[in-house]
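Q: Got a minute to go through this model with me? I'd like to talk about salt bridges and strands.

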Amino acid sequence: MRVLNLVTNDRARFFVQQVDALEARGVESTTITVPNDHGPDSNRSVVDYLRLLPTTIRESFGEYDLVHANYGLTAPAALAQPNLPVVVSLWGSDLLGRYGPITSRCAARADEVVVMSTEMADALPFDPAVIPHGVDLDRFAPQEQRAAQRAVGWNPEHRHVLFPYDTAREIKDFPRAEAIVEAANDQLSGTLALQTISGVPHEAVATYMNAADVLILTSKSEGSPNVVKEAMAANLPVVATRVGDVAERLESVEPSVVAEDDRRLARGVAEIAESGERSNGRERVAAELSVDATADRLYEVYQSVVGQSR
């Protein structure tokens with residue numbers, strides 16, 4: 001099977017994992033990224049997405065079985081080409097954010113739609129496939145905490161709360177995380193340190209997660225945040241706002257807290273940090289959210305769409 005991928009950023013780790021896992025199942029992939037003269041990490045304009053159109057149409061005359069639009073705003077280019085069936089994957093902000101109405105209308109014209117969570121599925125007037133991005137269980141696995149703290153240079157006498165994003169990303173709401181951790185610190189006799197990571201190689205993130213006592217997520221909006229699933233795979237307890245599929249993923253995972261009230265979130269951080277307990281998240285994520293498990297489900301979607309088009 002040959003697939004033409006459209007994507008905003010072909011270096012995104014979950015996209016790279018997806019392509020690699022599908023290639024292991026015999027899928028040959030060609031990827032076209034959204035043009036952007038300002039660099040891959042800059043905000044893209046409507047014009048940038050329009051510039052994707054001629055390349056996609058030209059490439060669709062090649063020997064492909066389907067086109068996979070990864071992220072809702074690549075869907076118009078996928079749907080405009082006249083030759084191939086279309087799979088559209090929605091990642092979260094494309095459906096639940098500013099451009100949700102456009103994304104929803106485009107998705108309705110696709111042969112199959114994949115979303116990250118039941119919350120996203122509920123936002124559509126039809127039934128999509130719910131397939132979150134998978135987790136690399138070999139990379140994200142439990143490590144000895146003291147060794148991990150030495151590796152990242154954290155004081156072993158402190159408790160550590162990990163905020164796993166760039167603090168400047170407004171949608172991740174770092175000021176709220178700071179306030180929650182400050183309130184939690186007032187409930188402890190020891191020191192609670194809020195740690196942030198940005199620009200860290202992906203292979204090193206697992207060590208930071210193993211060095212931490214709690215992961216805090218205060219995002220205003222999410223689809224199916226991989227950091228939560230990666231923390232689960234490392235048995236790192238999570239305290240999070242009720243966004244995306246976080247509550248669904250953390251159901252039956254202990255200890256963990258999902259809430260909207262900052263006092264409850266602060267109490268959760270304090271209690272988990274005080275206990276020093278790791279979670280049982282890995283057993284939950286291994287059953288249904290490994291890269292292999294999610295790749296198998298996406299491959300089934302591909303087979304179904306190709307079969308219908310013949």
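A: Sure. A term to start with: a salt bridge here is a side-chain nitrogen of Lys or Arg within 4 Å of a carboxyl oxygen of Asp or Glu. Keep in mind that this is a predicted model.

Q: Fine. Which side chain does Arg 176 meet in a salt bridge?
A: The side chain of Asp 262. The N to O distance is 2.7 Å.

Q: Where do those two lie?
A: Arg 176 lies in helix H9, and Asp 262 lies in helix H13, residues 262-275. They are 86 residues apart in sequence, so the pair ties together parts that far apart in the chain.

Q: Is Arg 176 buried or exposed?
A: Buried. The cut-off is under 20% relative accessible area, and Arg 176 has 19%.

Q: And what about Asp 262?
A: Asp 262 is partly exposed, with a relative accessible area of 32%.

Q: How many salt bridges in the whole structure?
A: A search of the whole structure finds 14. Among them is Glu 222 with Lys 172, at 2.6 Å, N to O. That pair links distant parts of the chain, 50 residues apart. Glu 222 is in the loop between S9 and helix H11. Lys 172 is in the loop between S7 and H9.

Q: Are Glu 222 and Lys 172 buried or exposed?
A: Both are buried.

Q: Which residues are linked in a network of salt bridges?
A: Asp 245, Glu 248, Arg 249, Arg 284 and Glu 288. Within that group, the side chains of Asp 245 and Arg 249 meet at 2.8 Å, N to O. Asp 245 is buried, with a relative accessible area of 2%. Arg 249 counts as buried too, at 4%.

Q: New topic. What about strand S7, covered or not?
A: Strand S7, residues 159-163, is mostly covered. Four of its five residues are buried.

Q: How many bridges join S7 to S8?
A: Five, and the two strands run parallel. S8 spans residues 192-196. His 160 stands opposite Ala 193 in S8.

Q: What do S7, H9 and S8 make together?
A: A right-handed β-α-β unit, with H9 covering residues 174-185. Arg 176, from the salt bridge with Asp 262, lies in that helix.

Q: And how many bridges between S7 and S9?
A: Two, again with parallel strands. S9 covers residues 214-217. Leu 162 stands opposite Leu 215 in S9.

Notes: Residues are numbered from 1 along each chain as its sequence is written. This is a predicted model: local features need pLDDT of at least 70, side-chain atom pairs count only at pLDDT 80 or more; totals for chains, interfaces and linings use all residues. Side-chain values use heavy atoms; hydrogens and water are left out. Buried means under 20% relative accessible area, exposed over 50%, partly exposed in between (1.4 Å probe, protein chains only). Two strands pair if DSSP finds at least two bridges between them. A crossover is right-handed if, with the strands pointing away from the viewer, the path from the first strand over the helix to the second runs clockwise.
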